[in-house]
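Reader: Before we start, let me see the structure. Then I will ask how each label is justified.

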Amino acid sequence: MIEVLDGGLSSTIQDDGRFGQYHIGMPPSGAMDGFAHRVANALVGNDADRATIEMTYGGCDLRFDENAVVALAGAAMDGDLGEESIPMWESVAVDAGDELSLEFATTGARTYLAVAGGIDVEPVMGSRSTYTLVGIGGHEGRTLEAGDRLAVGDSAADPADLAGRSISDEHVPEYDETIRIVLGLCEYRLTDDSREELCSTEWKVTPEADRVGYRLEGVELDFEPREQPFGAGPDPSNVVDLGYPVGSIQVPTKPIVLMRDAVTGGGYATVATVISPDRDLLAQCRTHQSIRFEAVSVEEAVEARRRRRERLAEITEGLQ
Amino acid sequence: MTTHTIEAPMPGVFYRRSDPDEPPYVEEGDSVEAGDVVALIGVMKNFYDVEAEVNGTVTEVLVENETEIDAEAELLTIETD
C-alpha cells in the first residue's frame with residue numbers, strides 16, 4: 001500500500017480514460033497529459049492503461065509500505081525520496097518505509113507518478129480515472145487527501161530490472177506554446193476578422209483552467225449577426241445543441257477549451273478543436289502563460305497523432 | 001533582525017482573506033507564528049494556504065488582494081526578532 005501524507009494541491013488517480021460512454025454524457029477523464037502518463041508507465045514496465053497519480057502544480061507526500069519502482073514524468077518537480085533527490089523521466093527503486101516528498105512544479109503544470117503494477121483502484125465503467133464532478137473512479141471519486149491508502153497492482157516484471165531506466169533527452173518534451181487546432185464545427189459563425197484573430201492573438205491562460213476546461217483571455221471574438229434558428233439560445237454564440245468534441249473551443253464571451261472532464265454537448269458554437277497531441281501540451285500550460293493557436297488540416301492533425309504514437313512506441317521499445 | 005520574504009509557489013490569484021466578508025488573515029504589524037495561514041492562492045478552484053515559515057511580525061504585504069500573480073511573486077515580508 002501507499003499512504004498519502006499530503007495530497008498536494010489537486011491530485012487524482014488517472015488512467016487512459018473512460019471510453020465508450022460519451023453518448024450518455026460521460027466525458028473520458030483520464031490523464032490530461034497522456035504522453036507523460038504513458039511514458040511514466042513505460043518507465044516502470046506498465047502497460048499504458050495502468051493508473052498513475054496526476055499531480056497538479058503541487059506534489060504529494062507519500063509513504064510506501066512495500067518495495068516499489070516508481071517514475072515521474074511531465075512537469076518538472078523537485079522532490080526527495082528518503083534522503084536522495086528524485087529525478088524526472090527515470091525509474092527509481094523505493095524501499096518499504098521510504099517517504100517520497102514532492103515540491104511544486106517549476107515548469108509545466110502536471111506531473112505523473114507511475115508505480116510498477118499501477119495504482120489499483122476499482123474500475124468504474126471500465127476505467128480507474130477519477131471524475132471528480134460526479135465523484136466516480138479513482139480513490140473515492142475525489143482528489144487525494146492525507147490518510148488515503150492506495151493499493152498497488154501486480155507487476156509482471158522483475159523489480160530489479162525496472163529501476164534506473166530513463167528515456168533519452170530527445171524524447172523529453174518541450175512544453176511549446178503553439179497549440180494546433182482544426183477549425184470547426186461552427187467556425188462559420190465567427191466574423192472573418194474574428195476567425196483570423198483566433199490564430200493571430202496571443203491568448204493568456206486564466207486562473208480558471210482545470211481538468212474541465214481552460215478559459216483564455218485575449219481579444220473579444222465576434223459572431224456573424226443572424227436571426228437565431230429555432231432551438232438555439234439568444235446569444236450569437238449559441239447554436240442548436242451539438243456534441244462537443246473533446247478539446248473543442250467554445251466562446252461564451254471568453255474562449256474555453258474543453259478538456260477531459262468537460263460537458264459532452266450543449267448549445268455553444270465550437271469554433272475549433274485542439275488536436276489530441278497538443279492537448280497534452282495545453283495540459284502543461286500554466287495559469288498566466290501565453291499560447292497561440294495554429295490552424296491545421298484534419299490530415300495534418302492525423303499525421304501529428306501518428307507521429308506521437310510512433311514516438312511513444314519508440315520510447316517503450318527503447319526501454320525493453 | 002532578519003526579513004523573510006514569502007514567495008508564491010505557483011501562479012494564481014492572491015487572496016488576503018478566506019471570504020470577501022471576513023477580515024484579512026494578517027495586517028501589517030501583526031505577530032505571526034510559523035505555520036499560521038497568512039493568505040491564499042487560488043487556482044483552478046483550489047485554494048492553497050500560504051503559511052508563515054517563521055515566527056515574527058508582518059512588515060509588508062506586497063500584493064493587493066485578488067491580484068493575479070505568477071509563481072515566485074513576492075507576497076509579504078515577515079521580520080523575525
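**The interface and the sheet**

Author: The rule finds zero salt bridges across the interface of chain B and chain A. Keep in mind that this is a predicted model.

Reader: What makes a pair count as a salt bridge here?

Author: A Lys or Arg side-chain nitrogen must lie within 4 Å of a carboxyl oxygen of Asp or Glu. The rule finds zero such bridges between chain B and chain A. Polar contacts do occur: four residue pairs, both at pLDDT 80 or more.

Reader: Which strands of chain B supply the side that touches chain A?

Author: β2, β4, β5 and β7 of chain B each give at least two residues. The largest share, three residues, is from β5(B). By class, that side of chain B has 10 nonpolar, three polar and three charged residues.

Reader: How many residues are in contact, and how much area is buried?

Author: Contact means heavy atoms within 4.5 Å. By that cut-off, 16 residues of chain B meet 13 residues of chain A. The two chains bury about 1,300 Å² between them, 66% of it on carbon and sulfur atoms. B:Pro11, B:Met44 and B:Glu68 lose the most area on the chain B side, together 43% of what it buries.

Reader: Why do β2 and β4 of chain B count as paired?

Author: Pairing needs at least two bridges. β2 (residues 12-15) and β4 (residues 37-43) of chain B have three, in the antiparallel sense, so they count as paired. In β4(B), B:Leu40 is the bridge partner of B:Tyr15.

Reader: What makes β5 and β7 of chain B edge strands?

Author: Each pairs on one side only. The open sheet runs β5-β4-β2-β7 in chain B, with antiparallel pairing. Its twist averages 35° from one strand to the next.

Conventions
Residues are numbered from 1 along each chain as its sequence is written. Chains are lettered from A and ligands numbered from 1 in the order in which they are written. This is a predicted model: local features need pLDDT of at least 70, side-chain atom pairs count only at pLDDT 80 or more; totals for chains, interfaces and linings use all residues. Side-chain values use heavy atoms; hydrogens and water are left out. Helices (H or I, at least four residues) and strands (E, at least two) are DSSP runs, numbered from the N terminus. Axes are lines fitted to C-alpha atoms, for helices over the stretch in contact, and angles run from 0 to 180 degrees between N-to-C directions. Buried area is the accessible area (1.4 Å probe) that two parts lose on being put together, summed over both. A polar contact is a pair of N or O atoms within 3.5 Å; within protein, one must be able to donate a hydrogen and the other to accept it, and residues adjacent in sequence count only if both atoms are side-chain atoms. Ala, Val, Leu, Ile, Met, Phe, Trp, Tyr, Cys and Pro count as nonpolar, Asp, Glu, Lys and Arg as charged, and the others, Gly among them, as polar.
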